[in-house]
Amino acid sequence: MAGWTETFRGVIYPWHCDHMGHMNVMYYINFFDQASCHALSACGYKWTEMGDQNMGFADVKHTVEYKGEQKVGSPIVVESCVTRRGRTSLTLKHRMTNAETGELAATMEVITIHFDLAARKPVPLREDTIELIDSLLVENPED
């Protein structure tokens with residue numbers, strides 16, 4: 001994952017849509033959440049290992065911007081990047097596009113905290129992931 005990378009790919013089905021025929025907000029969040037899992041894996045955090053160690057990530061802020069309505073049959077792609085690394089946190093940026101038209105459907109910025117699930121508190125990012133995370137940083141994700 002160097003810069004922006006594909007972290008999710010799917011198709012909008014009828015059950016993803018609201019009574020107006022557009023993809024419902026909860027599915028935008030669902031697809032972005034799945035993309036976050038892949039982005040964090042690319043940062044060196046393996047989900048099975050984290051579970052065994054009682055560690056995880058806790059999202060503390062989501063900022064979503066809806067840009068273009070998606071309807072049944074729309075093929076979507078989510079790309080993700082890291083925009084900031086803190087001591088205990090990462091900021092990820094996701095962009096969802098329609099794979100056929102190239103239209104930007106939505107963006108989401110996520111601030112997530114490396115979290116000790118037993119102690120219920122933030123913990124520093126693992127030292128062995130810092131170099132990898134830093135190699136994935138995108139300074140101007142709007143470019």
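This briefing covers salt bridges, nonpolar cores, backbone exceptions and a surface patch. The model is predicted. A search of the whole structure gives five salt bridges, three of which are described below. The largest nonpolar core has 16 residues, and another core, lying apart from it, has 15. Two residues that are not glycine, asparagine 54 and arginine 120, have a positive phi.

**Salt bridges**

- Arginine 85 pairs with aspartate 134, and their closest N and O atoms are 2.6 Å apart. Arginine 85 belongs to strand 3 and aspartate 134 to helix 3 (residues 127–135), so this salt bridge ties together parts that are 49 residues apart in sequence.
- Both partners of that pair are partly exposed: arginine 85 has a relative accessibility of 32%, and aspartate 134 has 31%.
- Arginine 95 and glutamate 79 also form a salt bridge through their side chains, with an N to O distance of 3.0 Å. Because arginine 95 lies in strand 4 (residues 89–98) and glutamate 79 in strand 3 (residues 75–85), the pair ties together parts that are 16 residues apart in sequence.
- Arginine 95 is partly exposed at 23% relative accessible area, and glutamate 79 is partly exposed at 24%. Buried would mean under 20%.
- Lysine 67 and glutamate 65 meet in a further salt bridge, at 3.0 Å from N to O. Lysine 67 is partly exposed with a relative accessible area of 45%, and glutamate 65 is partly exposed with 38%.

**Nonpolar cores**

- Within the largest nonpolar core, the residues that touch the most other members are Met23, Phe31, Phe32 and Met96.
- Helix 1 (25–42), strand 3 and strand 5 (104–116) are the elements that give two or more residues to this core. Helix 1 gives the most, with five residues.
- Phenylalanine 32 has contacts beyond its sequence neighbours: leaving out residues up to four places away, it touches Val78, His94, Arg95, Met96, Ala106, Thr107 and Met108. One of these, Arg95, is the salt-bridge partner of glutamate 79, and another, Met96, is itself a member of the largest core.
- The other core, of 15 residues, lies apart from the largest one and includes Cys43, Met55, Val82 and Leu136.

**Positive phi at residues other than glycine**

- Asparagine 54 has a phi of about 60°, a positive value, although it is not a glycine. Its place is the loop between helix 2 (47–52) and strand 2 (55–66). Asparagine 54 is partly exposed, with a relative accessible area of 35%.
- Arginine 120 likewise is not a glycine and has a positive phi of about 60°. This residue sits in the loop between strand 5 and strand 6 (121–122).
- Arginine 120 has a relative accessible area of 57%. Exposed means over 50%, so arginine 120 counts as exposed.

**Nonpolar surface patch**

- Val11, Tyr13 and Trp15 make a nonpolar patch of about 320 Å² on the surface.
- Tyrosine 13 is found in the loop between strand 1 (5–11) and helix 1. Tyrosine 13 is partly exposed, with a relative accessible area of 40%.
- Helix 1, at one end of that loop, is also the element that gives the most residues to the largest nonpolar core.

How values were computed: Residues numbered from 1 in each chain as written. Predicted model: local features only at pLDDT ≥ 70, side-chain atom pairs only at ≥ 80, totals over all residues. Heavy atoms only, no water. Salt bridge = Lys/Arg side-chain N within 4 Å of Asp/Glu carboxyl O. Buried < 20%, exposed > 50% of the residue type's maximum accessible area, 1.4 Å probe, protein only. Helix = DSSP H or I, 4+ residues; strand = E, 2+ residues; numbered from the N terminus. Core = buried A, V, L, I, M, F, W, Y, C linked by side-chain atoms within 4.5 Å. Contact = heavy atoms within 4.5 Å. Patch = residues over 30% accessible without salt bridge, like charges linked within 9 Å, V, L, I, M, F, W, Y side chains within 5 Å. Areas by Shrake-Rupley, 256 points an atom, 1.4 Å probe, with all protein chains shown as cover.
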